[in-house]
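Biologist: I'm new to this, so could you take me through one part slowly? I'd love a close look at how charged side chains pair up in this model.

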Amino acid sequence: MEHIENNKEFEGLTVNKGIDQPPTVNPYLNKVRTARRRTYTASEFVEAIVKGDITMLSQAVTLIESNRYEHQTLAQEVIEKCLPFSGNSVRVGITGVPGAGKSTSIDAFGLHVLERGGKLAVLAIDPSSERSKGSILGDKTRMERLAVHKRAFVRPSPSAGSLGGVARKTRETIVLCEAAGFDTIFVETVGVGQSETAVHSMVDFFLLIQLAGTGDELQGIKRGIMEMADGIVINKADGNNIEKAKLAAAQFRNALHLFPPTLSGWTPQVLTYSGYYEIGIPEVWKMVDDYVAFTRKNGFFEHKRHEQSKYWMFETINEQLKEHFYRNPEIEAMLAEKVSRVLNSDQTSFTAAKEVLDYYFNSLK
């Protein structure tokens with residue numbers, strides 16, 4: 001580039017042209033960038049996952065969580081090819097009110113499981129902000145020991161305001177984790193709303209964590225969570241809180257008598273423990289082992305897995321139909337018109353909905 005300072009009227013002043021661009025300080029930087037841009041085939045993903053490659057497993061889970069069409073297409077192909085290697089794990093759903101100590105308990109439960117051998121995957125759903133749509137994804141900070149364990153895989157995922165989508169993606173992630181050789185899988189719920197129902201539909205054993213003296217006993221009954229629980233555990237049963245925990249356990253046992261018998265024939269147990277001090281952890285896990293043995297013997301274990309597979313097939317159909325409906329340009333325009341008429345009291349909500357649906361169904365003929 002020429003400089004005006006080099007013109008005759010500026011004699012005595014000179015500006016050097018400068019030097020060529022020096023080489024990068026890190027000669028391997030370009031190689032790293034090139035490696036990151038590489039895309040893998042479904043067969044390469046499956047081959048690596050079956051060998052237990054955690055890096056490739058993480059990348060495959062990222063594909064599942066992506067909303068891009070090409071990522072979803074590749075992810076579904078990977079899942080299909082991993083199906084023959086899946087199904088050989090015990091899936092445990094863990095829920096409880098915020099502050100019940102779910103993450104601390106999972107850290108303690110997980111270490112106990114790993115001490116017996118095998119591999120553990122923890123799939124934690126982190127609630128997203130309704131305003132910023134962001135998530136802290138801080139579960140790993142509360143699972144300090146599992147996060148660095150060689151035979152553990154901790155994967156927090158944002159709920160991103162779509163519980164149904166997250167539940168489906170979590171179920172698909174379970175398939176990949178099983179193909180990677182993880183024989184125990186924990187699924188931690190958000191702890192609010194309908195997340196418990198979604199997680200209950202993808203696990204073998206559903207564990208409810210409660211606290212003593214919080215006044216949540218009746219709330220637990222009203223929400224129906226206790227009806228889904230295969231086991232209830234009272235956390236923080238240590239120090240001066242031991243007697244309160246025992247009293248809470250007795251109250252929950254009495255409450256369980258009000259419910260009809262479970263389909264599995266299993267009688268839910270109520271235990272006390274301390275996740276922080278790791279008191280009573282073996283007893284809690286013995287309850288899980290007893291349940292798995294009991295349901296395998298009477299055939300309910302496989303029956304439940306089959307029912308869950310059917311449930312998620314229909315859920316996927318419902319999700320796709322809903323997406324097809326709302327993404328239809330003509331329906332979008334018609335909905336805007338109907339909303340205006342409903343808000344102006346020119347039409348009832350029910351007749352407006354019927355007209356939109358009738359138009360949609362007729363368009364499919």
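Modeller: Let's start with Glu65, which has a relative accessible area of 25% and so counts as partly exposed. Keep in mind that this is a predicted model. Side chains of opposite charge can pair when their charged atoms come close. Glu65 does just that with Arg155, in a salt bridge of 3.2 Å from N to O. Because Glu65 sits in helix H3 (residues 54-65) and Arg155 in strand S3 (residues 152-158), the pair ties together parts that are 90 residues apart in sequence. Arg155 has a relative accessible area of 14%, under the 20% cut-off, so Arg155 is buried.

Next, have a look at Glu178 and Arg91. Their closest N and O atoms are 2.8 Å apart, in another salt bridge. Here too distant parts of the chain get linked: Glu178 belongs to helix H8 (residues 163-179) and Arg91 to strand S1 (residues 90-96), 87 residues apart. Both of these residues, Glu178 and Arg91, are buried.

Now for Asp107, whose side chain meets that of Arg145 in a salt bridge (3.1 Å, N to O). Asp107 lies in helix H5 (residues 102-115) and Arg145 in helix H7 (residues 144-147), so this pair joins parts 38 residues apart in sequence. Asp107 is buried, at a relative accessible area of just 5%, while Arg145 is partly exposed at 35%. There's a third partner as well: Glu278 is linked with Asp107 and Arg145 in a network of salt bridges.

If you want to hunt for others, a search of the whole structure finds 14 salt bridges.

Notes: Residues numbered from 1 in each chain as written. Predicted model: local features only at pLDDT ≥ 70, side-chain atom pairs only at ≥ 80, totals over all residues. Heavy atoms only, no water. Salt bridge = Lys/Arg side-chain N within 4 Å of Asp/Glu carboxyl O. Helix = DSSP H or I, 4+ residues; strand = E, 2+ residues; numbered from the N terminus. Buried < 20%, exposed > 50% of the residue type's maximum accessible area, 1.4 Å probe, protein only.
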